[in-house]
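Biologist: I have a model open on my screen and would like to learn how to read it feature by feature. Could you take me through it, giving the general idea and then the case?

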Amino acid sequence: MIKQLIEEQNPLLHREVKDVTQFDASLKALIKDLEDTLFHHNGVGIAAPQIGVDLKVALVDMEADGILQLVNPKIVSYSEETESDVEGCLSIPGVFGLVDRSIEIVIEANDLDGNKIEMTAYDDIARIIQHEVDHLYGELFTEKMTKQLTEEELEEMYCE
């Protein structure tokens, strides 16, 4: 079911949310709601706090590779090499900026049954995961951006 997005001023977006402890049908329903909401808004990632849910769950659209479901994700390693690129956020409509992110990360999380998983992500997927994991700890991209972009600057970047 498509859920209402909460916006930047909501306190839930500014604090760490709770770990998932129940790996049951309600978790699967939450993931379905997140997926429906993500696709409805044409996003590339979404975190549970963005729909008002106080749990560490996030999704990343990996296009041809499907939807990455992250439950209780923790980034355990960041590459020293970073890259600056444009980010935006479903919860902060109309705001875009440059953010430096590691180009390679190692992440630990749970699967839907509570089993521990570990994966390495690179480039755009690493960027999206970092953005979504930040949401679970109350950090917004606007706090990390090095430069806010105007509409004209955005158009120039994407029309070249």
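Modeller: Let us begin with what a helix is here: a DSSP run of H or I that holds at least four residues, with helices numbered from the N terminus. Please keep in mind throughout that this is a predicted model. With that definition, His 135 can be placed in helix 2, and Glu 132 also belongs to helix 2, which covers residues 123-136.

Biologist: Which residue does UniProt list for "active site"?

Modeller: The record, an unreviewed entry, lists Glu 132 under that heading, and such annotations may be inferred rather than shown by experiment.

Biologist: Is Glu 132 buried or exposed?

Modeller: The term buried is used for a relative accessible area under 20%. Glu 132 has a value of 3%, and therefore counts as buried.

Biologist: What is Glu 132 in contact with, leaving aside its neighbours within four places in sequence?

Modeller: Its contacts of this kind are Gly 45, Ile 46, Ala 47, Gln 50, Ala 58, Leu 59 and Val 60. For Ile 46 there is a further detail, since a polar atom of the Glu 132 side chain lies 3.5 Å from the backbone nitrogen of Ile 46.

Biologist: At which residues does UniProt place the feature "binding site"?

Modeller: The unreviewed entry gives Cys 89, His 131 and His 135. In sequence they span 47 residues, yet no two of their C-alpha atoms are more than 10.2 Å apart, so they gather at one spot. Cys 89, His 131 and His 135 also take part in the lining of the largest pocket.

Biologist: How should I read the surroundings of His 131 and of His 135?

Modeller: Take accessibility and contacts together. His 131 lies in helix 2 and, at 8% relative accessibility, counts as buried. Beyond its neighbours within four places in sequence, His 131 is in contact with Glu 87, Gly 88, Cys 89, Arg 101 and Phe 141, and a polar contact of 2.7 Å joins its side chain to that of Glu 87. His 135 is buried as well, with a relative accessible area of 1%. With the neighbours within four places again left aside, the contacts of His 135 are Leu 13, Arg 15, Ala 47, Pro 49, Gln 50, Cys 89 and Leu 140.

Biologist: I would like to turn to the sheets. In what order do the three strands of the open sheet stand?

Modeller: The general idea is that strands of a sheet pair through backbone hydrogen bonds, either parallel or antiparallel. Here the three strands form an open sheet in the order 4-5-8, and the pairing is antiparallel. Strand 4 (82-87) and strand 8 (145-148) stand at the edges with a single partner strand each, so one side of each is left without a neighbour in the sheet. From one strand to the next, the twist averages 30 degrees.

Biologist: How many bridges join strand 4 to strand 5, and how many join strand 5 to strand 8?

Modeller: Six bridges join strand 4 to strand 5, while three join strand 5 (residues 97-102) to strand 8. In strand 5, Val 99 stands opposite Asp 85, and Val 99 also has Met 145 of strand 8 as a bridge partner. Gly 97 is partnered by Gln 148, again in strand 8. Helix 2 packs on this sheet, touching strand 4 and strand 5, and its direction makes about 105 degrees with that of strand 5. Helix 3 (residues 151-159) packs on the sheet too, touching strand 4, strand 5 and strand 8.

Biologist: Why is strand 5 described as largely enclosed by the rest of the structure?

Modeller: The description follows because five of the six residues of strand 5 are buried.

Biologist: What is the strand order in the open sheet of five strands?

Modeller: The order is 1-2-3-6-7, with antiparallel pairing. Strand 1 (45-47) and strand 7 (116-122) are at the edges, each with a single partner strand, so one side of each is left without a neighbour in the sheet. The twist averages 40 degrees from one strand to the next. Five bridges join strand 2 (residues 57-61) to strand 3 (residues 67-78), and Val 57 has Val 71 of strand 3 as its bridge partner. Helix 1 (residues 25-40) packs on the sheet, touching strand 1, strand 2 and strand 3.

Biologist: Across which strands of this sheet does helix 2 lie?

Modeller: Helix 2 lies across strand 1, strand 2, strand 3, strand 6 (104-110) and strand 7, and it runs at about 160 degrees to strand 2.

Notes
Residues numbered from 1 in each chain as written. Predicted model: local features only at pLDDT ≥ 70, side-chain atom pairs only at ≥ 80, totals over all residues. Heavy atoms only, no water. Helix = DSSP H or I, 4+ residues; strand = E, 2+ residues; numbered from the N terminus. Buried < 20%, exposed > 50% of the residue type's maximum accessible area, 1.4 Å probe, protein only. Contact = heavy atoms within 4.5 Å. Polar contact = N/O pair within 3.5 Å; in protein donor to acceptor, adjacent residues only side chain to side chain. Pairing = 2+ DSSP bridges. Axes fitted to C-alpha atoms, helices over the stretch in contact; angles between N-to-C directions. 1 Å grid on protein atoms, 1.4 Å probe; cavity = no way out; pocket = protein on both sides within 12 Å on 5 of 7 lines; lining within 4 Å.
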